[in-house]
Amino acid sequence: MTMAQRDDQAAAPDPWELAALAAALFAVDPVGTGGVALRALPGPVREQWLADTRELLPPGTPRRKIPLHVADGRLLGGLDLAATLRAGRPVAEHGILAEADGGVVELAMAERVKGSPIAYLCAALDTGEIILERDGITLRSPARLGVIALDEGHDEDERVADALVDRLAFLLDLSPIGIREMGDLPYGPEEIAAARERLPSVTIGTEQVDALCGTALALGIHSIRASIQAVRVARIATALAGNYRVGDAEVTLAARLVLAPRATTIPYLPAEEEAPPPEPEPPDQEGESENQPEPEKRDDPLADQVLEAAKAAIPRDLLDRLRLGQLRRSRVRSTGKSGQVQQANMRGRPAGVRRGELRPGDRLSVIETLRAAAPWQRVRREERGRTATPTPGAGTAPRIEVRKDDFRIQRFKHRSETTAIFVVDASGSSALHRLAEAKGAVELLLADCYVRRDRVALVAFRGRGAELLLPPTRSLVRTKRSLAGLPGGGGTPLAAGIEAGLALADGVKRRGGTPMLVLLTDGRANVARDGSGGRTKAGEEALTTARLVQAAGVAALLVDISPHPQPQARELAQAMGGVYLPLPHADASRLSAAVKATAGI
Amino acid sequence: MPVAFPFSAIVGQDEMMLALLIGAVDARIGGVLVFGDRGTGKSTAVRALAALLPKQRAVVDCRYGCDPEADLDVLCAECQARRANGGLRSKQVPVPVVDLPLGATEDRVIGALDLELALTRGEKAFEPGLLARAHRGFLYIDEVNLLEDHLVDALLDVAASGENLVEREGLSVRHPARFVLIGSGNPEEGELRPQLLDRFGLSVEVRTPQDLRTRVQVVRLRDEFERDPPAFAEKWRRKDAKVRKRITDAQAALPEVEVPTDTLEQAARLCMALGTDGLRGELTLIRASRALAALEGDRQVGVPHLRKLAAPALRHRLRRDPLDETGSTARVERAVQELFPE
């Protein structure tokens, strides 16, 4: 069975077949491909895939597991304190990454790993070595490895860190595969070994690289690493098929495996998917999708073929994912990390130790301090022996001499609290209904916030200006009281409303919190900032003020609650750099769910 | 040591490459910050630069690699003594490019007691850290935005003063540590603290190339390199040698490059128009423009140099203007267009 037979049709390939192929390709070159992000819950399918991969790797290939809360020292290596004290000289201990050199690491619950372990993995993947500068030790050890990131995430929000995914060639989703759909491996260990031999001599043609790069662009794949990996995978597939020159079938396969799962746009997408299309296109028109300025090469049959194949392999739920991804991205961009993480002295989760003087409010990490003191005991004892004057106290020298330099202070991380600032259109027509729902949403959120120690605030605008009805608070009672008296009716001074919300957001930021604007409006302003009427001026002012929101880097969500969603509101959301959410029949619970998704609370 | 990707084979990141070259010509520009998308070859460029830099003379047996020609107060204590005792022997050494790996502990960065000597012989001796190793070279921090705050503070302090003072276990050591700080990172992983931002002389924004031709070229070169790194490096050796020569020539020419009063005034006007805080921006702009003139073989710094470097020298020093929604790069470019129309 050759690769060409399997891949010449552009139909959606069998998921298990693709997964098994990916396992084989990965086994040929774990280092070159970077690895696999494997989305699957623990179970027989995942176990089978892992066992198959293990079987394909040459015997003796190192394989290490990285547990979820791995310590930096274990991952990177460091001073082996016990061995050091026993030997009386520094003994370095290799970390997991160095131990896995030439092999594979499995990252358990990868969707929950963030921060430094991801950065270390990425560094190892990029440079193929681990440079250790820790605990008085300098060590450079090779760490050429492939990563299998076991992603057990349930929903879209739980995903492997982008920085890592960017470096892994394969993104596999085993969840749709049932136990009965699993088949045999297409290749055996001997074929893998032969492919390894062949791989360095495999070459790829110019037009094939063109086709892969073009497909990546057409699918809206931003990072160029994906194209580089697709080329690698095409070469590996060729080696596996027993050839030395990459064929079109292998290019197609690479596009399916590497590019399709990363697609962010679907080319020539029929317009039916978007709810209100700005200008409906006939589905069969040969134009590009709207955010794809790159001209397609119409005269390039290979590029077309590859793109078709990739399209067929694009996961069906991509559109849903794109929407949620957009929610997620807009949040990340505006707040840096998911919620601004702050270092504080005393609160939050422990996050490593630092050397330093013990100031009031710091907490000493006793274990780490003793660890730091341990290697120096001999030199200190000798020093004491030399300098000590024969006083009666000399005999009672402390067992362990801890000095100021040894103090290690526990550091903590805590997420700064999020303040959701509701800016509610309390004007004219539908005000009463809208206000009632907003009030309900605020109360629902607050009930959650009370548990999470987040805050809410409420600004309403109507008539000639905006009014702060509820300063940032956690108090349920206070909220209910101030919401009860919320009046409605009059004109729509949208700019003034946004401005008031922004001022509030500024204050929240200054106090170290993360503000988020939730604007409930239909976007139809008719009162300017100076209180005068006129739709045009009021609309322009609203847009200008909305841009300030983006400039200030405040996350924003615009909920369009008019019965028939209008383009103005969408424009306004774009100007704020925020998320647009038409909820014609917004009820309190849906509203609070949307806010929670956007704010990540 | 794996073969580095050749510097001259990096495609489509002109501003980043230029900033690195300027840092190599004049260490006093105060570091280069490279911020941008994933997979744009940030680390690759720095490692490539390391492989290409011309050698420099350093004192034999000096732990800090002191410059034999340096003024007395820039030498380390041992070299000061050596010079007093009749002169410094020197030899050619590679310019150090030191990686500050993530997860590095403070003792290894700043320097600390030598653990081995303490354990085996019970002696107290100073073991220099990464800052000492980076003296007269480059200190590279990938993912600089993920670095621990207390390390950043220590680094900034040393970078500003040019010397490292260590007080530990009753040991007091002072040694020169002048280095070009190169930081890279991805803003999506976290913003950089403003204090740190301002310390970098040049700030470069890198983006993934979006046109097909450049992307194809990047992918093809990368593929060729991976198939046979040594052969690929050999193929680009002559081009890299040319770049190296450009650096040495520029280093030699730098003292001769003049900055006319006119140019100074224009730089000042630009900074005023942009409202940059403090003098650092202006100073960096002039210094970097001098290095650029030296690289391009010009004897005088003129408006073309300022125009080219205005964005990297100034974009990270602008106050955030809430009324202006355009990015800082666009603001600098607009001011340049207004002041120096082409």
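In the predicted model, strand E17 of chain A, residues 555-560, has six of its six residues buried, so the strand is largely enclosed by the rest of the structure. Burial extends to both faces of E17(A). One side carries A:Ala555, A:Leu557 and A:Val559. The other side carries A:Ala556, A:Leu558 and A:Asp560. Each of these residues counts as buried, having 20 or more other C-beta atoms within 10 Å of its own.

Strand E17(A) pairs with strand E16 of chain A, which spans residues 514-521. The two strands are parallel, and six bridges join them. Within this pairing, A:Leu519 has A:Leu558 of E17(A) as its bridge partner. Strand E18 of chain A, residues 579-582, also pairs with E17(A). Here too the sense is parallel, with four bridges. A:Val559 faces A:Leu581 of E18(A) across this pairing. Between E17(A) and E18(A), the chain passes through helix H22 of chain A, residues 567-575. The resulting β-α-β crossover is right-handed.

Chain B contains an open sheet of five strands. Their order is E4-E7-E10-E1-E11, and the pairing is parallel. The edges are held by strand E4 (97-99) and strand E11 (202-206) of chain B. Each edge strand has a single partner strand, so one side of each is left without a neighbour in the sheet. From one strand to the next, the twist averages 20°. In general, strands of a sheet pair through backbone hydrogen bonds, in either a parallel or an antiparallel sense.

Within the chain B sheet, strand E1 (residues 32-36) runs parallel to strand E10 (residues 179-185). Four bridges join these two strands. In this pair, B:Phe35 has B:Gly185 of E10(B) as its bridge partner.

Helix packing was also examined in chain B. Helix H11 (residues 237-253) packs against helix H13 (residues 280-295) of chain B. The angle between them is about 120°, and their axes lie 8 Å apart. H11(B) and H13(B) are therefore oblique to each other. The angle falls outside the range of 65 to 115 degrees that counts as roughly perpendicular, and it is not over 145, the cut-off for roughly antiparallel. The crossing of H11(B) past H13(B) is right-handed. Residues B:Arg246, B:Ala250 and B:Ala253 represent H11(B) where the helices meet. Opposite them, H13(B) contributes B:Ala291, B:Ala294 and B:Leu295.

How values were computed. Residues numbered from 1 in each chain as written. Chains lettered and ligands numbered in written order. Predicted model: local features only at pLDDT ≥ 70, side-chain atom pairs only at ≥ 80, totals over all residues. Buried ≥ 20, exposed ≤ 12 C-beta atoms within 10 Å, placed from the backbone. Pairing = 2+ DSSP bridges. Right-handed = clockwise from strand over helix to strand, strands pointing away. Axes fitted to C-alpha atoms, helices over the stretch in contact; angles between N-to-C directions. Parallel < 35°, antiparallel > 145°, perpendicular 65-115°, else oblique. Left-handed = near helix turned anticlockwise from the far one by under 90°. Contact = placed C-beta atoms within 7 Å.
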